[in-house]
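Colleague: I am new to this structure and would love a close look at one part of it. Could you take me through the place where the ligand sits, and then show me a few other spots worth knowing?

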Amino acid sequence: MTASPLVELVGVGKAYGAQRAVEDVSLCLAAREIVALLGPSGCGKTTVLRLIAGFETPDRGRVSIDGRDMAGVPAHRRPVNMMFQSYALFPHLSVADNIAFGPRRQGLSRRQVAMRTAEMLALVQLETAAAKRPHQLSGGERQRVALARAAACRPRALLLDEPLAALDRKLRDAMQFELRRIQRQLGMAFLVVTHDQEEAMGLADRVAVMAAGRIVQAGPPMQVYDRPVNRFVADFLGETNLFAGRIVASQGGWVRVACAELGGELRLPSDQMGSDCWLSIRPERLALQPVSQAAVGEAVAAQVENVVFRGAQRHCELRLATGRLVRANLAKVDGWCPRPGEPAWLAWRAEDFRLLPP
Ligand code: ATP
């Protein structure tokens, strides 16, 4: 994070009548940074974008852009632009005219508008579609026109509301790379709203996870994935196995946690206080060992229920003696993988468990 953020929200709150959409949100976006706002439907993500864009006024707190308080500054005077989920392209205008719309309104000369439009068409690789109307484009092409149109006015930051939601899975994956390339070439900051955790992790330099109007955790994707602060984040960002636990002893930065669902105790590095807790372990951190050999390290007996082939990984569901179902994702290179119905040792390294507050 740079010393002076491009966009800064401090203690921002917004309610619609009795409905509190956003509560005490503080968030920074640095120049040239991609931040993803991630959270379940209705948690307030779009409202945050609208508050920055100037389509809504905060009830509390401050929105600043480039160090300037935006209170009283109308949307069209803010150096940001929003790309809507629906794209909102003008159906009666050609691709080129959709893109030229903003620069024309900015009062650029005809020559400047033509140059800017050509530059944006090249950026999104749609030079040959310049004369087409939006209905003559594929979903992916429409998405790129919307991006070019939103960026054509050269805002300092683009606010993108679910930019890839309308695309199918494969196109969405490809567009993640494309969006990053375009963002780098434009040198703009992007604030991207999404409810898709893979998209958020794939796209962003930092993710901010929201729940019920608040930001629960923000940081680089890997950090938030590996070190979730609570059960909600662990469960929302990626897959995880969550177990209810009870801290039975605590000494010198280590705790012993009783876990009925695992059928035993774990010793973990932690200085968490209290007794109730959650234990979280990612499926890819679990390993399987054949029961024909003695278990290596910490392990419990399990029965394999399901194995699903997923290209680079095999996703296994295992039933423990306690009745608990556990997910283990094995990399394809791992040699041994039992079939459904076979017994196995389910093994782990204690440090791969995260201890989370109740
Ligand atoms: P989604 O992922 O479904 O788009 P979101 O996280 O973007 O959801 P918001 O659109 O910010 O959520 O809405 C947050 C809350 O505020 C919701 O409960 C929503 O119903 C409410 N809300 C949003 N806009 C308005 C409005 N104009 N009037 C009344 N309530 C609103």
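Which residues are around the ligand?

Modeller: Happy to help! Please keep in mind that this is a predicted model. Around the ligand you will find Tyr16, Gln19, Ala21, Pro40, Ser41, Gly42, Cys43, Gly44, Lys45, Thr46 and Thr47. Sorted by class, this shell has 4 nonpolar, 6 polar and 1 charged residues.

Some of these residues also make polar contacts with oxygen atoms of the ligand. At Gly42 the partner is a polar backbone atom, 2.8 Å from a ligand oxygen. Thr46 takes part through its side chain, where an N or O atom is 2.7 Å from an oxygen of the ligand. Thr47 also uses its side chain, with a polar atom lying 2.5 Å from a ligand oxygen. As for cover, the ligand taken alone exposes 630 Å², and the protein buries 61% of that. Two elements, β2 (19–29) and α1 (45–53), give two or more residues to the shell. The most comes from α1, with 3 residues.

Let us stay with β2 for a moment, since Asp24 lies in that strand. Asp24 has a phi near 50 degrees, a positive value in a residue that is not glycine. Most residues other than glycine have a negative phi. Asp24 counts as exposed because its relative accessibility is 51%, and the cut-off for exposed is over 50%.

Gln125 makes a good companion to look at. Its phi is positive too, about 55 degrees, and it is not a glycine. You will find Gln125 in the loop between α3 (110–123) and α4 (139–151). With a relative accessibility of 48%, Gln125 counts as partly exposed.

Next, turn to Asn98, which is placed in helix α2 (residues 95–105). Asn98 has a relative accessible area of 0%, so it is buried. A polar atom of its side chain lies 3.2 Å from the backbone oxygen of Leu93. Beyond its neighbours within four places in sequence, Asn98 is in contact with Leu89, Phe90, Leu93, Pro134, Val145 and Arg149.

Helix α5 (residues 169–186) is another element to pick out in the view. Its 18 residues reach 25 Å from first C-alpha to last, close to the 26 Å expected at 1.5 Å a residue. Buried in α5 are Arg172, Met175, Gln176, Glu178, Leu179, Ile182 and Gln183. These buried residues pack against β3 (34–38), α3, α4, β8 (189–194) and α6 (197–203). After α5 comes Gly187, with a positive phi near 65 degrees.

Finally, let us move to Glu298, whose place is in strand β16 (residues 298–310). Glu298 is partly exposed because its relative accessible area is 32%. Leaving aside neighbours within four places in sequence, Glu298 is in contact with Leu266, Leu346, Ala347, Trp348 and Ala350. For a sense of distance, try Arg154: Glu298 and Arg154 are 144 residues apart in sequence and 56 Å apart in space, C-alpha to C-alpha.

To come back to where we began, the ligand has Gly42, Thr46 and Thr47 among the residues around it, and the protein buries 61% of the area that the ligand exposes when taken alone.

Conventions. Residues are numbered from 1 along each chain as its sequence is written. This is a predicted model: local features need pLDDT of at least 70, side-chain atom pairs count only at pLDDT 80 or more; totals for chains, interfaces and linings use all residues. Side-chain values use heavy atoms; hydrogens and water are left out. A residue is near a molecule or strand if one of its heavy atoms lies within 4 Å of it. A polar contact is a pair of N or O atoms within 3.5 Å; within protein, one must be able to donate a hydrogen and the other to accept it, and residues adjacent in sequence count only if both atoms are side-chain atoms. Accessible areas come from the Shrake-Rupley method with a 1.4 Å probe; for residues, only the protein chains shown count as cover. Helices (H or I, at least four residues) and strands (E, at least two) are DSSP runs, numbered from the N terminus. Ala, Val, Leu, Ile, Met, Phe, Trp, Tyr, Cys and Pro count as nonpolar, Asp, Glu, Lys and Arg as charged, and the others, Gly among them, as polar. Buried means under 20% relative accessible area, exposed over 50%, partly exposed in between (1.4 Å probe, protein chains only). Contact means heavy atoms within 4.5 Å. The expected span of a helix is 1.5 Å times one less than its number of residues.
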